[in-house]
Amino acid sequence: MHQRIACLKCVTLALVVLVTFPGAVTHTQEPDKSAADFHFTDVDNQVLHDSNAIDQQYLKKGLVLQDPQLQPYLDSIGKRIIGNRPIPDQVAFKFMVLRDPMVQAFALPNGSVYVTTGLLSLLENESQLAAVLGHETAHVFKRHGYLENRSIRKKALTLNIIQIVAAAAPTGPNLAQSVQIFGAAVQLGAAVSSGIIVASVFGYSREMEHQADSDGLIALSNASYDPGAMARTFELLDQDSSLEYEPIQGFYRDHPKLTERREFALQYAATHKTDRPEADDKKTYAENVSAAICSEIQLDLSSRRERTAVDRASKLNAMFPDNPKYEVLLADSYRALGAKTKLPSPEERTRHGQAEHRKEYFSMTSEEEQKRLLEKAEGQADLRDNEATAEQLYKSALQNNPNYADAHRGLGFLFEQEGKYSDAATEYQSYLSMVAGTSMDHLRIERRLAAVQKLSGAPTHIR
Amino acid sequence: MILKLRLLAILCAAGFLTVNARATTPSWSYENPKVSSGEFQIRNVCMMPVEGKLSRVTMKGGQGMSNESDNWTAALESMVEAHLKTASVQIVQATDPMASGASDEEIRQVIVQLNQKYEDVANQLNRHPKDIKKSRFTLGDDAALLPCAAKSDVLVFVQGEGQVTSGGKKAMGMLVGGRGNVSEATLVLTMADAKTGEILAFARLMNAESFGEKFVDQTESVYGKALDKQFERLRVGMYLDKKKH
């Protein structure tokens with residue numbers, strides 16, 4: 001009897017709520033979904049406003065990388081990808097690079113397309129970058145941002161209604177709890193900003209992603225790029241995801257499955273060949289995006305992604321072996337690797353290994369992680385190997401260019417880390433004499449020099 | 001019937017009092033003994049760019065509050081700076097090249113790197129702030145790359161995060177229980193040694209309101225006192241010269 005009353009109560013409440021919020025289940029208020037005759041509503045205007053505000057925030061926070069070589073290069077690829085297509089209302093395409101190690105690209109509904117330094121460092125050539133821009137611009141052309149935002153809002157409202165009904169139902173507490181947890185996930189994402197921002201960064205629906213892939217491939221062909229580049233991009237993304245533990249995964253990684261997307265791109269590429277060999281040249285691409293790769297390596301080293309730093313710096317160094325800057329960056333990366341291996345071990349790649357890595361990431365600082373690794377003989381051996389590689393690279397950079405100050409600084413850091421204080425002091429002194437007070441780093445090195453001289457027993461003497 | 005009405009009135013009054021009692025701003029801080037003992041003195045600070053994020057949670061999901069977030073960030077920045085100045089602390093901005101010859105782009109890169117490092121350390125710091133005493137957390141001496149670091153004792157990171165809950169959502173929160181029935185905001189201040197990068201102090205100020213969202217436009221009245229209290233605890237600026245409690 002009690003159960004029947006509770007059930008009746010539940011149904012009545014549901015009816016009351018659904019009458020109060022008709023938009024949750026009916027389609028009467030649903031605007032036209034077609035991108036061609038898209039009509040702006042107040043909700044869409046808010047999204048547009050938010051997108052512009054986000055652009056401002058990125059600029060204000062210094063996240064946008066402004067490089068005189070990279071920017072025109074990116075703009076030219078973007079322009080080619082857009083081609084002669086009519087630009088939708090309220091869209092002004094802008095292509096920008098974000099200083100962010102997360103491998104990611106996204107487009108805001110106002111036409112701002114962002115590619116992270118993380119993604120630029122992973123890609124191999126211009127065609128692959130064009131593939132990414134083709135995909136992203138498709139989201140803008142098809143108004144996916146606005147449409148997804150409307151969808152998220154509707155889902156959130158429905159969830160809230162279910163929540164109220166569930167609270168009154170006989171199985172109330174348990175069901176309410178489970179819905180609340182599910183609701184929290186939607187809310188948490190949406191709370192970052194409006195739904196579009198969440199969707200832009202973490203991915204649209206499966207259908208929208210598929211449509212963007214498809215339109216991106218057409219745009220690639222029309223711009224005379226090889227559509228096969230999109231398949232290779234997915235391949236690279238899939239390989240790279242196993243290099244480090246990532247606290248947040250972008251949509252490129254798993255939504256929909258990369259293998260499916262790759263297959264689709266390959267099928268298209270098989271029937272649409274284009275001949276533009278210069279766009280596949282790895283060296284030209286690396287030259288143009290080198291500022292992003294260097295920035296990325298520094299960011300990787302600041303965010304516990306030493307393996308990625310080694311990987312990116314190795315590629316750069318292999319392409320430009322005579323450039324001391326890249327050699328020193330690679331040496332810095334090996335030095336930062338410490339007791340870690342260059343690649344994750346088979347054990348680390350297992351499900352259990354990944355779970356352990358995740359646990360460590362959140363419970364240990366990087367210094368504690370290094371200490372734990374050094375407790376084992378393998379860790380000590382890895383440290384010795386990495387330090388030896390770093391030393392060799394620093395010395396090689398100095399052999400090619402004896403006046404390259406950063407190599408002396410790196411060697412100083414390395415020797416200090418190894419406890420060779422007097423050698424470290426010599427290197428720091430060389431660095432300071434070369435930069436003559438012009439470097440941003442001279443104060444830090446002066447302090448380090450004083451410290452190592454004290455430890456080595458030498459008299460403290462700063463220039 | 002009259003008894004029921006009286007009971008309802010009493011409950012409402014109790015609810016009102018509870019809400020007002022909750023409108024205060026509880027705050028906590030943790031510091032390294034070097035700071036509390038006065039061995040490390042905080043008289044000059046370098047302000048890292050303040051980050052304030054507000055979002056609105058309604059029955060239709062989350063919504064951005066971009067304009068409000070911008071204003072809130074500015075309000076938080078000027079409030080923290082004003083209280084530091086009151087405590088006789090000299091302030092420099094992290095973006096200031098200070099005749100170092102460093103370009104804006106170079107400074108921006110260092111700021112982003114330090115923020116990355118801070119976010120990484122924050123994973124453990126937010127959960128175990130007490131470990132500051134054990135010198136467990138550091139940003140490394142990359143902190144000294146900022147030109148402002150030369151003339152500062154600490155780098156100050158200020159982060160605010162607030163959630164404004166709509167009336168409908170609050171009502172629903174009351175119906176189904178849970179934490180959905182309040183608007184809340186947290187302000188976190190972290191101080192790192194400007195030369196070595198070691199995290200020396202951490203303060204957390206929290207505010208939850210069942211009615212209204214004072215923290216959005218009345219930052220001073222919501223956080224002012226709590227901020228002073230924490231600066232005094234951490235012996236920042238002129239508080240260093242006062243006798244330790």
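A helix here is a DSSP run of H or I with at least four residues, numbered from the N terminus. I needed that before looking up Phe215(B), which is found in helix 6 (residues 214-217) of chain B. The model is predicted.

**Entry 1: Phe215(B)**

I asked whether Phe215(B) is buried or exposed. The cut-off for buried is 20 or more other C-beta atoms within 10 Å. Phe215(B) has 29 within that distance, so Phe215(B) counts as buried. I then listed what Phe215(B) touches, leaving out residues up to four places away in sequence: Gly162(B), Ala185(B), Asn207(B) and Val222(B). I also checked Trp72(B), which is 143 residues from Phe215(B) along the chain; the two C-alpha atoms are separated by 8.8 Å.

**Entry 2: helix 3 of chain B**

Trp72(B) led me to helix 3 of chain B, where Trp72(B) is among the buried residues. This helix covers residues 66-86, 21 residues in total, and reaches 30 Å from first C-alpha to last, close to the 30 Å expected. Which of its residues are buried? I noted Ser66(B), Ser69(B), Trp72(B), Thr73(B), Ala75(B), Leu76(B), Met79(B), Val80(B), His83(B) and Leu84(B). In general, residues three or four places apart in an α-helix point the same way, because there are 3.6 residues a turn. Just after helix 3 of chain B, I found Ser88(B) with a positive phi of about 60°.

**Entry 3: chain A and the core**

I counted 23 helices and three strands in chain A. Of its 463 residues, 44% count as buried. Among contacts in chain A with a separation of 6 or more, 70% join residues 24 or more positions apart.

I looked next at the largest nonpolar core, which has 157 residues. Those with the most contacts inside this core are Ala130(A), Tyr394(A), Cys46(B), Leu155(B) and Val156(B). The core draws at least three residues from each of domain 1 (42-278) and domain 2 (403-463) of chain A. I followed Ala130(A) further: residues it touches include Ile77(A), Leu220(A), Tyr225(A) and Ala279(A).

**Entry 4: strand 3 of chain A**

How many residues of strand 3 (residues 112-116) of chain A are buried? I found five of five. Ser112(A), Tyr114(A) and Thr116(A) point one way, and Val113(A) and Val115(A) the other.

I checked the partners of strand 3 of chain A. Strand 1 (residues 94-98) runs parallel to strand 3, joined by five bridges, and Lys94(A) has Ser112(A) as its bridge partner. Strand 2 (residues 105-107) pairs with strand 3 in the antiparallel sense over three bridges, with Phe106(A) opposite Tyr114(A). Strands 2 and 3 form a hairpin with four residues between them, and Gly111(A) in the turn has a positive phi of about 105°.

Conventions
Residues numbered from 1 in each chain as written. Chains lettered and ligands numbered in written order. Predicted model: local features only at pLDDT ≥ 70, side-chain atom pairs only at ≥ 80, totals over all residues. Helix = DSSP H or I, 4+ residues; strand = E, 2+ residues; numbered from the N terminus. Expected span 1.5 Å × (residues − 1). Buried ≥ 20, exposed ≤ 12 C-beta atoms within 10 Å, placed from the backbone. Contact = placed C-beta atoms within 7 Å. Core = buried A, V, L, I, M, F, W, Y, C linked by C-beta atoms within 7 Å. Domains from an automatic or database assignment. Pairing = 2+ DSSP bridges.
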